[in-house]
Amino acid sequence: MKAYPELLSDQIIKRANKLASTLLSDGMKELGIPYYGCMDAKIKAVDPSMKVVGTAMTIETDNGDNFPIHLATYGAPQEGYVMVIDGKGYEGCAYIGDLIMGAAQAVGYKGIVIDGYSRDREGNIALQFPVFSKGLKPAGPIKKDPGKINVPVECGGITVYPGDLIFGDFDGVCVVPRNRLEEVLAKAEEKQAYEEKREKAINEYREKKAKGEPLPQLAPQWVLDLLSGNKQ
């Protein structure tokens, strides 16, 4: 087993936690990061309220074998990781249920993202432990091979390196490469400020319309610029 990656700083986690997967993805889009850092849309939160932000700890396994998931759970050296499992999208059974979820939570994992199925939805929700999977299946896993732990993996079509930032919410899961964190966060924060400004403009338009007052310009400047360019 390779050494666990260094945890991302509290400052980075706090900055990211103020954002959303959509903002991070837009930031990566501007920087030309492949697929904008978004995992397969089939990998979703087991419950819409779930959100996870943390440092990637990776697992590679296949054929519904969750033995490496147990190894990673009981071998975690400290709290704060998000377990990212490349299960190869295996459809024969669930890799994880509420017992291993509870154990992972107890030792300090912040959540689990898996390219595969989970089960025990009610128990998972009762734990208030964020899990993002491709769906639910009652069939249980096998326990056989140790797999690989803390190596680069492909999860939901995205390459994940140990130590990357994992952000999951209702819209899906984003992976921010550790070596691009500062620039991605800066771009995402810029987009957040832009969206807040646009929301204010839309609300102002709505209020003036309701009062029968002269309406301000609603279309953003970039739309007007594009229209102007197309007319030339």
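1. Salt bridges. A search of the whole predicted model finds 13 salt bridges. Three of these pairs are taken up here, together with one network. As background, side chains of opposite charge can pair when their charged atoms come close.

2. K88 and D86. The side chains of K88 and D86 form a salt bridge with an N to O distance of 2.9 Å. The two partners differ in cover: D86 is buried, because its relative accessible area of 3% is under the 20% limit, whereas K88 is partly exposed at 40%. D86 belongs to strand 3, which runs over residues 81-96. Beyond four places in sequence, D86 touches I59, E60, T61, V153 and E154. Of these contacts, I59 and E60 fall within strand 2 (52-60), and V153 and E154 within strand 7 (153-155).

3. R119 and D120. A salt bridge also joins the side chains of R119 and D120, at 4.0 Å from N to O. Its distance should be read against the cut-off, since a salt bridge is counted within 4 Å. R119 is partly exposed with a relative accessible area of 29%, and D120 is likewise partly exposed at 33%.

4. R180, E183 and a network. The side chains of R180 and E183 meet at 2.2 Å, N to O. Both ends are partly exposed, R180 at 26% relative accessibility and E183 at 34%. Elsewhere, R15, E182 and E189 are joined into one network by salt bridges that share partners. E183 lies in helix 6, residues 181-211, as do E182 and E189 of the network.

5. Charge overall. The protein carries 29 positive and 32 negative side chains. The centres of the two sets are 4 Å apart.

6. Overall form. Seven helices and ten strands make up the secondary structure of the protein. Its C-alpha atoms fill a box of roughly 70 × 35 × 35 Å along the principal axes. Of the 232 residues, 44% count as buried. Among contacts between residues at least 6 apart in sequence, 76% join residues at least 24 apart. The accessible surface comes to about 12,200 Å², and carbon and sulfur atoms account for 52% of that area.

7. Helix 2. Which residues of helix 2 are buried? In this helix, residues 21-30, they are S21, L23, L24, S25, G27 and M28. As a general point, an α-helix has 3.6 residues a turn, so residues three or four places apart point the same way. The buried residues of helix 2 pack against strand 9 (165-169), strand 10 (172-176) and helix 6. Just after the helix, G32 takes a positive phi of about 75 degrees.

8. V173 in strand 10. V173 is placed in strand 10 and is buried, with a relative accessible area of 3%. Leaving aside neighbours within four places in sequence, V173 is in contact with G37, C38, M39, I43, V113, F132, I166, F167 and G168. Among these contacts, I166, F167 and G168 come from strand 9. V173 and L24 of helix 2 are 149 residues apart in sequence, and their C-alpha atoms are 10 Å apart in space. L24 does not appear among the listed contacts of V173.

9. Helix 3. In helix 3, which spans residues 67-75, P68, I69, H70, A72 and T73 are buried. The cover over these buried residues includes strand 2 (52-60), strand 3, helix 4 (98-107) and strand 6. Strand 3 is also the element that holds D86.

10. N150. Is N150 in its loop buried or exposed? N150 counts as buried, because its relative accessibility is 4%, under the 20% limit. The loop in question links strand 6 (148-149) and strand 7 (153-155). Apart from residues up to four places away in sequence, N150 touches K2, A3, Y4, P5, M57, T58 and P162. M57 and T58 of this list fall within strand 2.

11. Nonpolar surface patch. Y194, W222 and L226 make a nonpolar surface patch of about 330 Å². Y194 is in helix 6 and counts as partly exposed at 33% relative accessibility. Helix 6 is also one of the elements against which the buried residues of helix 2 pack.

Terms used
Residues are numbered from 1 along each chain as its sequence is written. This is a predicted model: local features need pLDDT of at least 70, side-chain atom pairs count only at pLDDT 80 or more; totals for chains, interfaces and linings use all residues. Side-chain values use heavy atoms; hydrogens and water are left out. Helices (H or I, at least four residues) and strands (E, at least two) are DSSP runs, numbered from the N terminus. Buried means under 20% relative accessible area, exposed over 50%, partly exposed in between (1.4 Å probe, protein chains only). Contact means heavy atoms within 4.5 Å. Accessible areas come from the Shrake-Rupley method with a 1.4 Å probe; for residues, only the protein chains shown count as cover. Lys and Arg count as positive and Asp and Glu as negative; His and the chain ends are not counted. The place of a charge is taken as NZ of Lys, CZ of Arg, CG of Asp or CD of Glu. Patches are made of residues with over 30% relative accessible area and no salt bridge: like charges are joined within 9 Å, nonpolar side chains (Val, Leu, Ile, Met, Phe, Trp, Tyr) within 5 Å.
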